[in-house]
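Reader: I'm in my first year and still learning to read these pictures. Please give me a close look at the part where the chains meet through a sheet, and then show me what surrounds that part.

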Amino acid sequence: MQGYDVSIGLETHVQLKTRSKLFCSCPTRFGEEPNTNVCPVCLGYPGTLPVVNYQAVRLTVVTGLMLGCRVNLHSKFDRKNYFYPDMPKNYQISQYDQPICTGGSVEIEVEGKVKRIRLRRIHLEEDVGKSFHFGRSSGVDFNRAGIPLMEIVTEPDISSADEAHAYLVALKAILEYGEVSDCNLEEGNVRCDVNCSVRKRDGSRELGTKTEIKNLNTFRGVYRALKYEIARQIRVLERGGTIQQQTLRWDDEKGVTVALRSKEYAHDYRYFPDPDIPPVVLRPEEVEAWRESLPELPSRRKRRFQEQYGLPEYDAGVLVAEREVADFFERTVAEGAPPKAASNWVMTEVLRVIGESGKRVSDLRLRPEALARLISLVERGMVNMPTAKEVFGVMLETGGDPERIVRERGLAQVSDEGELMEVVGRVLAANQKVVADYRAGKKAALQFLIGQVMRETRGKANPKAAARILREQLEG
Amino acid sequence: MPGKEKELASKIDVAYVAELARLELTPDEKKTFQRQLDEVVRYVRVLEEAPVEGLSPSPYPGDLSNVFREDAVGTTDIQEAVAANAPRWQNSLFIVPPIMDQS
Amino acid sequence: MALPEIPASLRDLRNLLLRGEIACRDVAAAFLQRIEKHNACLNAFVHLDAEKVMAQAERADERLASGGREPLLGIPLAIKDNLNVRGDPCTCASRILTGYVAPYDATAVARLRKAGAVFLGRTNMDEFAMGSSNENSAFGPVRNPWNTDYVPGGSSGGAAAAVAAGLAPAALASDTGGSIRQPAAFCGCVGLKPTYGRVSRYGLTAYASSMDQVGVLAQSVADAALLLEVIAGHDVMDGTSLREEVPPYSERLEGDLNGVRIGLPREYYGEGLDKEVRESVQGVAGLLAREGAEVVEVDLPSTRYAVAAYYIIATAEASANLARYDGVRYGMRVEGADPIEMYGRTRAKGFGPEVKRRIILGTYALSSGYYDAYYLRATKVRTLIRKDFEEAFQRCEVLLTPVSPVKPFRLGEKIEDPLQLYLCDIYSVTANLAGICGIAVPCGLSREGLPLGAQFLGPALGEERILQIAHIYEALRGPFGSPPGF
């Protein structure tokens, strides 16, 4: 890649968190039987009319506020005309020259370097249906048709696949923080069109020819497609070839970009104002009220976590990446857990469980109050770490209270001097040879003996106390 | 809304426009429409004479704004009618000829 | 069975029904019988299910018997074939909607249904409401009941012919550029186009969304007022419907003309206006002046751009509105090797020539490089036209104009020359461009014995006033009479 400048622009389509579609009251639920979440409006039946979902407008404005965009108090909807079987009306209701938001930026960090990716605009539009291909025919499901999408368009400020990936991760975190989208990638909540061009760094100011890769629905896909496409373009130029302006598709299995069949003529979308939808005029007070209720954004929260809780930068970064996780952490601390201990538990145990189960934090039966109490048990020496992890497992299963689990299962740590003394006596009597080894200078034998004490107490012995008593007995 | 105002052609490219509009025309239709629409297009150039400088456009006849609906889910039970109206319907999908450029 | 004589006014009919002097089923049967007798000649109805009509009438009788007092209980109405009625076809007189059955009621239809009306059948029209002679119908032309060699006007030609010939007491229809008023004038009945947004467009199959408006054809102004009262009002399903309260129009018809200023726009009486039409509308002005109205001349200087602006805006919107007829979800399909071929063939076979012409013109007006010169400019001209009316209505309460510059013409006379036909819309399209209200009332007969119409235009939400003045005129004029033989 040396000697080339790369320009990448992303158009990210994000499904907004609404109950109903953008222009009708059909539900936005995912995964239903095809063509069940449909009505005459979203099927484009003759005579039907769109009426804008206010929540979708609000969420788009909230996004714009979070991303530092200019909110346009006057915006309108336009019709974008083209024929496609997944388009119920053969025009898409979108926003052309008066989007809800313009400008703004997203801050990313790649290899320790902070960079701002400028945004061009954010507009609201309706999703299309989904088609299935059976070889000799295709089938169309319109459940998705009319679902509200916000399209976030960047300037071509991104200069590598890594930056594109970092942009998407940062954007996702912000959108989740603002509760504007679930950003559920499996359900197609976030889809990207990527523009990419390369230019030899030889002082020429001419821009490279762009290619567009359509409809990428994973961040990894965006990353891989860009890696491939950048390399491909450079290869073509190195061989003295020219880049063709074209629309591509990413074949994830083969790991290559493939040109889509080119149309016989250039697109001519014939945008014009949708006469069915009166213009959207927002009151400044309305927008101010939304601005005031904005959540704290991840970058800010990260700094606060470092300052307020004394967490290392790494911990703070991991915790704030997802709003729910950061909330969980803060509530655990609020319930009395020491911040570093809480951070360790959340970063290791909670995130491990989420990673393994694919659940969301809010789906767990584990509550922050309960985790705080478990941490308190460890801090007070009531249970040792291995036991605590066992209790944690039970809490995840049952949602139970840690003290009660410890009590019911007899897991409380044994620190009682008399009780431990008795166990130590038994262990020493049964392991005469090991005792002799120790006394002969094989200090490592102590670990074996501690293990035996733990076994006798079924793990409940306070390991520090057990070691001290053993040492006293062996050396005394 | 392509920006620049092109020099107004006095002829309409019926074949191109019909393709955009997904209308297959017979040679006879092309000829007839070309003649009739050229005449109409010549006529509508009277718009060039209208004193509209500085006026804002009226895409709507009135001054409505801000008509929204609440984000509430309604009941939809038109499944049977939807299936019955579909020219081709199978396994709850609208069946169409193969869409090529999705491969 | 001898069927009862049906009174001319809806109010009288309603009173007979309420007093039990006549049953809803007898009324329905009487209209069905008239349709049976005359429709073969007029071709006014394109779909009619007699059993369904009688079943509705029976239910209305039961309602009446159990004390139901809905305002239109048992009153039969015809519905233009571009308004969706649940369970009925709604073809817009187009082949492309063959087989389509509406799964829902248009809001205006639902309101009539709730008011107890009995739906008689679907009336013929110009395909997708594009036309002013009703010759552009997949079901063949409608004939004018006054002389079947003549066109009934359009696009609501079937509704106008049905009402004029007494095949229905009134009809629900739509007006995008004169589609209610012009056929009303040609057939000798009353045609009301309300203010844009006064009646919900939900369920009206769109032609030009920024100008389409649901309205009525009736035998009298009073009947039109009664029907408007039922169908008008805000609808959450239509973002362009108006929220203002609906006055009881039918109770506000009486009044006098003292001090009423009636404007005659000079541009509507100029070149191209047929002499007989001019004289008969001037006759209306004279009659009103004698009763105390003050007749003043006003100017609507942008009128000369109106037809051009209308045809650009209407066809641009139509090109998008009619894109949905693609053979995928409903209606007709001609198979093809891929979707593009299917679209091209389906639309080639499904649409008639006038619809194709307008789709092509509208697509052109929006296409790359032409948008500013055509669509954008036309919407600016629309701003001019709105201003013209605003200024005119500072000087007078209503405007009196001809509905059409021409008298009813013969079938086939203008079919080969679309532009000439478009130019005839000059006096009607302005109301749609500006979103104001208008009503056509019969005001005379041509030499050939065909009706001529006058139009009252009022400002936005001025329905109460134009209905009142039209009603006063109607009383001064006296009964207009029925087409010979009907």
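Author: Let's start with a bit of vocabulary: two strands pair if DSSP finds at least two bridges between them. Keep in mind, too, that what you're looking at is a predicted model.

Now find A:Val140, and look across to E3(B), where its bridge partner is B:Phe94. That link belongs to the pairing of E11(A) with E3(B), which is antiparallel and runs over three bridges. Within chain A, A:Val140 of E11(A) also has A:Ser131 standing opposite. The two chain A strands, E10(A) and E11(A), pair in the antiparallel sense as well, over four bridges. In general, strands of a sheet pair through backbone hydrogen bonds, either parallel or antiparallel.

Put those pairings together and you get an open sheet of four strands, antiparallel, in the order E10(A)-E11(A)-E3(B)-E2(B). Its edge strands are E10 of chain A and strand E2 (89–90) of chain B, each pairing on one side only.

Next, step back to the contact of chains A and B, which takes 45 residues from chain A and 33 residues from chain B. On the chain A side, at least two residues each come from strand E2 (52–53), helix H1 (54–66), strand E10 (130–133), strand E11 (138–141), strand E17 (272–273) and strand E18 (280–281). Our sheet strand E11(A) gives the largest share of that side, four residues. By class, the side of chain A that touches chain B has 25 nonpolar, 13 polar and seven charged residues.

Helix H1(A), one of the suppliers on that list, has another partner inside its own chain. The axes of H1(A) and helix H4 (residues 284–292) of chain A come within 10 Å and cross at roughly 65°, and the crossing is right-handed. Where they meet, H1(A) brings A:Arg58, A:Val61, A:Val62 and A:Leu65, while H4(A) brings A:Val287, A:Trp290 and A:Arg291. Sorted by class, that makes five nonpolar, no polar and two charged residues.

What about the other chain that B touches? The contact of chains B and C takes 49 residues from chain B and 65 residues from chain C. On the chain B side, helix H1 (14–20), helix H2 (27–44), helix H3 (79–85) and strand E3 (93–96) each supply at least two residues. So you can spot E3(B) here as well as in the sheet with chain A. H2(B) provides the largest share, seven residues. The classes on this side of chain B are 38 nonpolar, five polar and six charged.

For a last stop, go back to chain A and find A:Val391, in helix H10 (residues 385–398). A:Val391 counts as buried because it has 24 C-beta neighbours inside 10 Å, and the cut-off is 20 or more. Leaving aside neighbours within four places in sequence, A:Val391 is in contact with residues including A:Leu374, A:Val383, A:Pro402 and A:Ile405. From A:Val391 to A:Ile277, C-alpha to C-alpha, it's 58 Å in space and 114 residues in sequence.

Notes. Residues numbered from 1 in each chain as written. Chains lettered and ligands numbered in written order. Predicted model: local features only at pLDDT ≥ 70, side-chain atom pairs only at ≥ 80, totals over all residues. Contact = placed C-beta atoms within 7 Å. Nonpolar A, V, L, I, M, F, W, Y, C, P; charged D, E, K, R; others polar. Axes fitted to C-alpha atoms, helices over the stretch in contact; angles between N-to-C directions. Left-handed = near helix turned anticlockwise from the far one by under 90°. Buried ≥ 20, exposed ≤ 12 C-beta atoms within 10 Å, placed from the backbone.
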